[in-house]
Amino acid sequence: MAINSTPQRAGTGIAAAMMLALCPAPAAAQTVQELQRQIDELKAQIKVLTDAQKGAVAPVPAAPAAPPVVAAAAVPPAPVPAPVPQRVASAPKPVSSRTPWYERMRLRGYTQLRYNALFDSENAPGASGSRLRSVHDASINDDGGFLLRRVRLVLQGDITDRLQLYFQHDFGAAVNNQSSTERRENFGQLRDVYADWFLDPERRLRLRFGQSKVPFGWENLQSSSNRLPLDRSDAINSGVPGERDVGINVYYTPAPVQAIWDRLTKNKQKLFGNYGAFGLAVYNGQGTNRTERTDNLMKVAMATWPFALDGLGPLFRDQVLEVGGSAMFNRFRPELRSGGVSSVDYRDDRVAVHAILYPQPFGIQTEWTTGWGPQYDNASGAIRSSRLGGGYVQLMANVGKTPVGRAIPYVRWQHYRGGWKANVDAPRLETDEWELGTEIQLVEALELTIAFARMERREADSRRTGRATGDLIRTQLQFTY
């Protein structure tokens, strides 16, 4: 632009010159084509950002602006970089709604290490008098020592939304009938292998096929990793020693029952495991890992129902009372000391009732059974179907956290008179026992149980008579994984 030399336009020329000196004046330094190119680039970048918000393309940082021109005559305009090629983002791969079954499976387990310290014991009189022994713990004897009571591994998971598999093996089992009747410890043994087929999306109704726990007795169904006392009671466990058999079950759990059980689980209560509020089942009837010997199936039924007692007043706040019962009808053939298995089908029919007031913080638990079962009769020297009965009463307190961990002290008295069909000749048991102990959860996966027991027991051997007595300290360390 030229500056006019006439006096009338002198002021206007001076002002224009000053503006040119202070501003980048793109019209002088840049061509119209360059300005249009920059406008087109800005439009393209705005489109990229707009498309990125819609998920069509990935946003790309804007190209750096060209540096401003200070003086039109002295500094040429900086070259503008070519537009950066835009990379269109690929669409995310669809995530499968069905996770592969092998990714749904999980492996867990627990191990129990025991040691019993015998204070004193007195055998029954005579050369064939009973010694202090328990059908649940082989380390209760004069020699004692450490015992791996259970070494369990569980593989469990959903194959589909309606099908679940469960497999449990125990590596703490013993094998008998070795030389001089010597036992061999820590052999692998199948405990559970079954499939659950859920008949409804809510998983309230299920069918179970395979080897699993028999729904007779509340304590029998409760996992040994979750049970408070070290062993199950003789009376309840006599119906199904080993707790398992091969068969078919149907379980149903109404939504209100499941809601209460979920609440108890959240409060870290020791439940029996979800075997349904109602259960019906048929099994072979000979027991865990034993060959079926009769043409009759064992029939079992069980019902249990928890009642929330909150409505009874502040004293019963958060309290839950669970009551129920079970029945079993079976024919059983015990093993004989003379060899083989009896050819006689003995009556093996029982009923049981249970009641549990969960410890919040104090609770009580009791079960009782009566019925008929095979039992060795010393007078006649033969096995007969005989009356049986017994049960237990257990008091417990949920103390909560202590300096050494979460503690639950308990005291239990048990009583039983009847046969033990799992042993040779189905010997008679006569049990009266007190146990006072506490479970301490040292850390999340480590529990220590210490108990004092006063035992009066008849040994589970048809050749023994009378009852032995003894006092002992019992300990168990359980670690889960």
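**Gln 365**

I started with Gln 365, which I found in strand β13, residues 362-377. The model is a predicted one. I asked whether Gln 365 is buried or exposed. Its relative accessible area is 6%. The cut-off for buried is under 20%, so I logged Gln 365 as buried.

Next I looked for a polar partner. The side chain of Gln 365 makes a polar contact with the side chain of Tyr 392, at 2.8 Å. I then listed the contacts of Gln 365, leaving aside neighbours within four places in sequence. Tyr 392 is there again, with Val 393, Gln 394 and Met 396. Ala 355, Ile 356 and Trp 218 complete the list.

**Asp 245**

I moved to Asp 245 in strand β6, which covers residues 244-252. Which side chain of opposite charge is nearest to Asp 245? I found Lys 421, 7.5 Å away. A salt bridge needs a nitrogen to oxygen distance within 4 Å, so Asp 245 has none, although it is buried.

What does the side chain of Asp 245 meet instead? I checked backbone nitrogens. That of Gly 285 lies 2.9 Å from a polar atom of the Asp 245 side chain. That of Gln 286 lies 3.3 Å from a polar atom of the same side chain. Both residues also turn up among the contacts of Asp 245, where I noted Tyr 283, Asn 284, Gly 285, Gln 286 and Gly 287. The list also includes Gly 210, Gln 211, Ser 212 and Val 214, as well as Met 298. Residues up to four places away in sequence were not counted.

**Helix α7**

I took helix α7 next, residues 255-266. Its 12 residues reach 16 Å from first C-alpha to last. That is close to the 16 Å expected at 1.5 Å a residue.

Which residues of α7 are buried? I noted Val 257, Gln 258, Ile 260, Trp 261 and Leu 264. Down the axis of α7, the buried residues fall within an arc of 160°, so they line one face of the helix. The general rule behind such a pattern is that an α-helix has 3.6 residues a turn, so residues three or four places apart point the same way.

I looked at the other face too. The exposed residues Pro 256 and Lys 266 sit on the face of α7 turned away from the buried side. Strands β8 (298-308) and β9 (320-329) are among the elements that cover the buried residues of α7. After the helix comes Lys 268, and I noted its positive phi, near 65°.

**Pro 409**

Pro 409 belongs to strand β16, residues 405-419. Its relative accessibility is 29%, so I logged Pro 409 as partly exposed. I also checked Thr 449, which is 40 residues from Pro 409 along the chain. Their C-alpha atoms are 9.4 Å apart. Not counting residues up to four places away, Pro 409 touches Leu 395, Met 396, Ala 397 and Val 399. Gly 437 and Thr 438 are touched as well.

**Salt bridges**

How many salt bridges does the structure hold? I got 37. I followed several of them.

Arg 347 and Asp 349 pair at 3.0 Å, N to O. Arg 347 is partly exposed at 35% relative accessible area. Asp 349 is buried at 13%.

Asp 432 bridges to Arg 467, with the closest N and O atoms 2.7 Å apart. Asp 432 lies in β17 (428-443) and Arg 467 in the loop between β18 (446-457) and β19 (468-480), so the pair ties together parts that are 35 residues apart in sequence. I read Asp 432 as buried, at 15%, and Arg 467 as partly exposed, at 27%.

Arg 457 and Glu 433 form another bridge, with the closest N and O atoms 2.9 Å apart. Arg 457 is in strand β18 and Glu 433 in strand β17, 24 residues apart. Both are buried.

I also noted a network of salt bridges that links Arg 114, Asp 137, Asp 231, Glu 435 and Arg 474.

**Whole protein**

Last, the totals. I counted 7 helices and 19 strands. Of the 481 residues, 41% are buried. Among contacts with a separation of 6 or more, 61% come from residues 24 or more positions apart.

Methods
Residues numbered from 1 in each chain as written. Predicted model: local features only at pLDDT ≥ 70, side-chain atom pairs only at ≥ 80, totals over all residues. Heavy atoms only, no water. Helix = DSSP H or I, 4+ residues; strand = E, 2+ residues; numbered from the N terminus. Buried < 20%, exposed > 50% of the residue type's maximum accessible area, 1.4 Å probe, protein only. Lys, Arg positive; Asp, Glu negative; His and termini not counted. Polar contact = N/O pair within 3.5 Å; in protein donor to acceptor, adjacent residues only side chain to side chain. Contact = heavy atoms within 4.5 Å. Expected span 1.5 Å × (residues − 1). Arc of directions from axis to C-beta.
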